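Hi,

Here's the structure I said I'd pass along. Have a look at it first, and then read on for what turned up when I went through it.

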Amino acid sequence: MQKDVLDFVVEKTHELIDSPTCNSETKASAEAWLAAVGTEQQAAATETYIGELEADIMPIDGLIGFADSEAGAQVFGADKAKEVAAHAREIKAAGARYCDCPACAACEAILAKKDAILG
């Protein structure tokens with residue numbers, strides 16, 4: 001991986017870890033990847049990390065469905081769930097493919113460089 005790409009991924013990985021919306025599995029994978037950078041385990045950790053990011057980034061339709069559901073109302077609260085769903089519909093109409101929370105935004109930025117990361 002080229003240094004500029006590595007530096008970018010390290011920066012975005014720190015943003016991901018620091019995000020209040022980052023789940024524990026993604027955070028653990030991000031921390032494991034950071035620990036592996038510069039070691040013999042980096043290539044394997046990178047593949048695992050990319051797989052975790054792909055599994056955990058929230059597609060916009062998934063966010064809308066969750067926010068509109070009873071489970072979404074339980075997690076966000078009824079009023080906030082409606083706000084989240086409305087926001088998700090707005091960003092989808094503007095072309096968003098994924099949730100724009102801080103964790104998903106960091107995931108999307110990293111995954112946009114997937115070919116350079118794995119290449």
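Let's start with the charges: the chain carries 10 positive and 21 negative ones, and the mean positions of the two sets are 5 Å apart. Before you go further, do keep in mind that this is a predicted model, so everything below is computed from predicted coordinates.

**Overall picture**

The fold is helical throughout as far as regular elements go: eight helices and zero strands, running α-α-α-α-α-α-α-α from the N terminus. If you're setting up a box, the C-alpha trace spans about 50 × 25 × 20 Å along its principal axes. The accessible surface is about 6800 Å², and carbon and sulfur atoms account for 52% of that. Of the 119 residues, 36% count as buried. As for contacts, take the pairs at least 6 apart in sequence: 65% of them join residues at least 24 apart.

**The core**

Which residues touch the most other members of the largest nonpolar core? That core has 32 residues, and the answer is V9, L16, Y49, L53 and I110. Two or more core residues come from each of helix 1 (3-18), helix 2, helix 3 (42-56), helix 4 (60-67), helix 6 (78-93) and helix 7 (102-111). Helix 7 gives the largest share, with six residues. As general background, nonpolar side chains in soluble globular proteins tend to be buried together.

L16 is a good place to centre your view. Leaving aside neighbours within four places in sequence, L16 is in contact with C22, T26, A30, Y49, L53, A103, A106 and C107. Two of those partners, Y49 and L53, are also on the list of residues touching the most other core members.

**Along helix 2**

Helix 2 covers residues 24-36, and T26 sits in it. T26 is buried, at a relative accessible area of 3%. Beyond its close sequence neighbours (up to four places away), T26 touches L16, E52, L53 and D56.

S29 is in helix 2 as well. S29 counts as buried because its relative accessibility is 11%, and the cut-off for buried is under 20%. With residues up to four places away left out again, S29 touches T48, Y49 and E52. So E52 turns up as a partner of T26 and of S29.

A32, another helix 2 residue, is partly exposed at 43% relative accessibility. If you want a distance to check, the C-alpha atoms of A32 and T21 are 18 Å apart, with the two positions 11 residues apart in sequence numbering.

**Helix 1 against the end of that stretch**

L6 lies in helix 1. What does L6 touch, not counting residues up to four places away in sequence? The partners are M1, W33, V37 and Q42. For V37, the C-alpha to C-alpha distance from L6 is 8.9 Å, although the two are 31 residues apart in sequence.

**Cysteines**

You'll probably want to know about disulfides for your topology: a search of the whole structure finds zero. The pair to look at is C99 and C101. The closest cysteine sulfur to that of C99 is in C101, at 3.7 Å, which is too far for a bond, because a disulfide needs the sulfur atoms within 2.5 Å. Seen from the other side, C101 has C99 as its closest cysteine sulfur. Are these two buried or exposed? C99 counts as buried at 9% relative accessibility, and C101 counts as buried at 16%.

**Towards the C terminus**

A112 is in the loop between helix 7 and helix 8 (114-118). A112 is exposed, with a relative accessible area of 68%. Its C-alpha is 28 Å from that of D68, and the two are 44 residues apart in sequence.

K114 belongs to helix 8 and counts as partly exposed at 28% relative accessibility. Setting aside residues up to four places away, K114 touches I50, E54 and G119. The C-alpha atoms of K114 and A55 are separated by 14 Å, and these residues are 59 apart along the chain.

Cheers

Note on methods:
Residues are numbered from 1 along each chain as its sequence is written. This is a predicted model: local features need pLDDT of at least 70, side-chain atom pairs count only at pLDDT 80 or more; totals for chains, interfaces and linings use all residues. Side-chain values use heavy atoms; hydrogens and water are left out. Helices (H or I, at least four residues) and strands (E, at least two) are DSSP runs, numbered from the N terminus. Buried means under 20% relative accessible area, exposed over 50%, partly exposed in between (1.4 Å probe, protein chains only). Contact means heavy atoms within 4.5 Å. Accessible areas come from the Shrake-Rupley method with a 1.4 Å probe; for residues, only the protein chains shown count as cover. Lys and Arg count as positive and Asp and Glu as negative; His and the chain ends are not counted. The place of a charge is taken as NZ of Lys, CZ of Arg, CG of Asp or CD of Glu. A nonpolar core is a set of buried Ala, Val, Leu, Ile, Met, Phe, Trp, Tyr and Cys residues joined through side-chain atoms within 4.5 Å.
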